[in-house]
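Here is my note on the model, point by point. Please read it with the structure open beside you.

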Amino acid sequence: MATFAGLFPVNATHAGQMTTSPHATAVSAPPHLAIVLVSLAMGGFAIGTTEFASMSLLPFFAADLHVDEPTAGHAISAYALGVVLGAPLIAVLGARFARRTQLLVLMAVFALGNALTALAPGFGWMIAARFLSGLPHGAYFGIAALVAASLVPQHRRSQAVGQVMLGLTGATIVGVPLANLIGQTVGWRASFGLVSVLALLTVLLCALFAPRDQAGRSDPLRELGALRSGRVWITLAIGAIGFGGMFAVYTYLATTLIEVTRVSPSVIPFFLAVFGIGATLGNLFVPRFADRALMPTAGIILLFSAVALLVFPLVAGNPWLLAADVFAIGTGVSLGAILQTRLMDVAGDAQALAAALNHSAFNTANALGPFLGGLAIREGLGWTSTGPVGAALALLGFLIWIVAWRDARSAPVTMTSGDRAASLNTAPAPPAPPLAPDHRSRSDSARDPVA
């Protein structure tokens, strides 16, 4: 987390002189931008830990709750369903509340859901608790991204959003292995208890450091206006399909390592950490290019991911080459921050809903990729067939990107001062001062043909 320090110096125009506009909320200056970003990223760390660690803990809670592993997998689906449904619903219902208030409430609900998961007396209770845990996921990331983007100049928005997403990717390096270790030594319930503690820590940090803002003036019906925008839907489609390729490989990576690469199960956490390092570095550096050329960077990432996924079957037999390829696949996670920024540009007044829907699209990809990869495996194409399946999804996402890119070039997004203020939480630029009165004499004006 030390990488936050000093990357984004607070700009007085965006953080220290924010006033209320017809479309925006007023935000006070934060104590230090790095502290705010770390506070927001801590929530992402908690979310990433529970989302990915629950997959590795599945055999443990399945045995304890007396269900088979395929049935236990419904707990994973329940969480994803909570994300998909909760993101747009909460974004609309929370439109009139201050963003700081929403962050605190969402993390409190997330802490409660994970605590109830740890205490679940039976599998049915666990399903309900996992659904509750998933509800705040997308809305939290959406609001956190808007807060982060509001505190930096416009040309650094993608970097700020990427910094918040570092919490999610960092969880794959530290949080997931730690939760898995706790699950094996203490018990799976302790792992979800740890996530609940992390969520409460996020509540404390956001209460102390998140910028205070006034209650929003947005109309919930205005938030739903994002659903009428073709540009919003096509951006979401890029993520829902293009991201699916990464999940197709990641979901079956552990089994591929055992069955194809022939490594010891004790080595699997190393490969998962390599993936997490790739995702973290991708979120740290790729958005810097996106801030200069947003849509071209998105297209390049999709093509790069397609190549890395196509290479997967060719290197699966060599652990060192496979580690390099897994790292490359992980860097594709940076597409999320890029698409989040694009949605800020095209959503108009429906900023919160569009930002939250990005994570609904992400979890749609989380369902689509493993489903199609599983079909290929069941058809006898082998464990490495997930690579070509994933590459096909990345290329399909690239084709959708071409449509979005042509649309962006033919009709660039033009934002009014009010719309830009809504997206960045700033007030529109003040009107130009009136021209100084003309003190020339009438005779001078008469001689001047322009006058």
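1. Overall make-up. This is a predicted model. The protein has 21 helices and zero strands. Of its 451 residues, 56% count as buried. The accessible surface comes to about 18,600 Å², and 69% of that belongs to carbon and sulfur atoms.

2. Contacts along the chain. Take the contacts with a sequence separation of 6 or more: 83% of them join residues 24 or more positions apart. Several of the points below give individual cases.

3. The salt bridge. A search of the whole structure turns up one salt bridge. Its partners are the side chains of arginine 189 and aspartate 64, at 3.5 Å from N to O. Arginine 189 sits in helix α9 (residues 188–209) and aspartate 64 in helix α3 (residues 58–64), so the bridge ties together parts that are 125 residues apart in sequence. Are the two partners buried or partly exposed? Arginine 189 is partly exposed, at 27% relative accessible area. Aspartate 64 is also partly exposed, at 37%.

4. The main core. The largest nonpolar core holds 105 residues. Those with the most contacts inside it are Leu40, Phe110, Tyr140, Met246 and Ile329. Look at phenylalanine 110 in detail. Beyond its neighbours up to four places away in sequence, phenylalanine 110 touches Ala46, Ile47, Thr50, Tyr79, Ser133, Pro136, Val195 and Ala199. Another core lies apart from the largest one; it has 13 residues, among them Leu65, Ala72, Ala75 and Phe123.

5. Methionine 107. This residue is found in helix α6 (residues 99–118). Methionine 107 is buried, with a relative accessible area of 1%. Which residues does methionine 107 touch, not counting those up to four places away in sequence? They are Gly43, Ile47, Tyr140, Ala199, Thr202 and Val203. Ile47 and Ala199 also appear in the contact list of phenylalanine 110. For a distance across the fold, take methionine 107 and serine 196: they are 89 residues apart in sequence, and their C-alpha atoms are 9.2 Å apart in space.

6. Helix α12. Helix α12 is mostly covered, with seven of its eight residues buried. Those buried residues are Gly244, Gly245, Met246, Phe247, Ala248, Val249 and Tyr250. Met246 is also among the residues with the most contacts inside the largest core. Tyr250 returns in the next point.

7. Aromatic pairs. The count comes to 10 aromatic pairs. One of them joins tyrosine 250 and phenylalanine 275; the pair is tilted, at 4.6 Å centre to centre and 45 degrees between the planes. Tyrosine 250 belongs to helix α12 (residues 244–251) and phenylalanine 275 to helix α14 (residues 268–290), so this pair links parts that are 25 residues apart in sequence. Tyrosine 250 is buried at 13% relative accessible area. Phenylalanine 275 is buried at 5%.

8. A stacked pair. The rings of phenylalanine 398 and tryptophan 401 have centres 5.2 Å apart and planes at 20 degrees, so this pair is stacked. The two residues are three apart in helix α19 (residues 386–410), and about one helical turn separates them. Are these residues buried or exposed? Phenylalanine 398 counts as buried at 16% relative accessibility. Tryptophan 401 counts as buried at 8%.

9. An aromatic cluster. Phe61, Trp188 and Phe192 form one aromatic cluster. Compare the residue ranges of the salt-bridged helices, α3 (residues 58–64) and α9 (residues 188–209).

10. Threonine 331. This residue has its place in helix α16 (residues 319–331). Threonine 331 is buried, at 12% relative accessible area. Leaving aside neighbours within four places in sequence, threonine 331 is in contact with Gly278, Ala279, Gly282 and Phe304.

11. A nonpolar surface patch. Which residues form a nonpolar patch on the surface? They are Leu201, Leu204 and Leu208, with about 280 Å² of accessible area together. Leucine 204 is found in helix α9. At 47% relative accessibility, leucine 204 counts as partly exposed. Helix α9 also supplies arginine 189 of the salt bridge.

Technical notes:
Residues numbered from 1 in each chain as written. Predicted model: local features only at pLDDT ≥ 70, side-chain atom pairs only at ≥ 80, totals over all residues. Heavy atoms only, no water. Salt bridge = Lys/Arg side-chain N within 4 Å of Asp/Glu carboxyl O. Helix = DSSP H or I, 4+ residues; strand = E, 2+ residues; numbered from the N terminus. Buried < 20%, exposed > 50% of the residue type's maximum accessible area, 1.4 Å probe, protein only. Phe/Tyr/Trp six-rings, centres within 6.5 Å; stacked < 30°, edge-to-face > 60°. Patch = residues over 30% accessible without salt bridge, like charges linked within 9 Å, V, L, I, M, F, W, Y side chains within 5 Å. Areas by Shrake-Rupley, 256 points an atom, 1.4 Å probe, with all protein chains shown as cover. Core = buried A, V, L, I, M, F, W, Y, C linked by side-chain atoms within 4.5 Å. Contact = heavy atoms within 4.5 Å.
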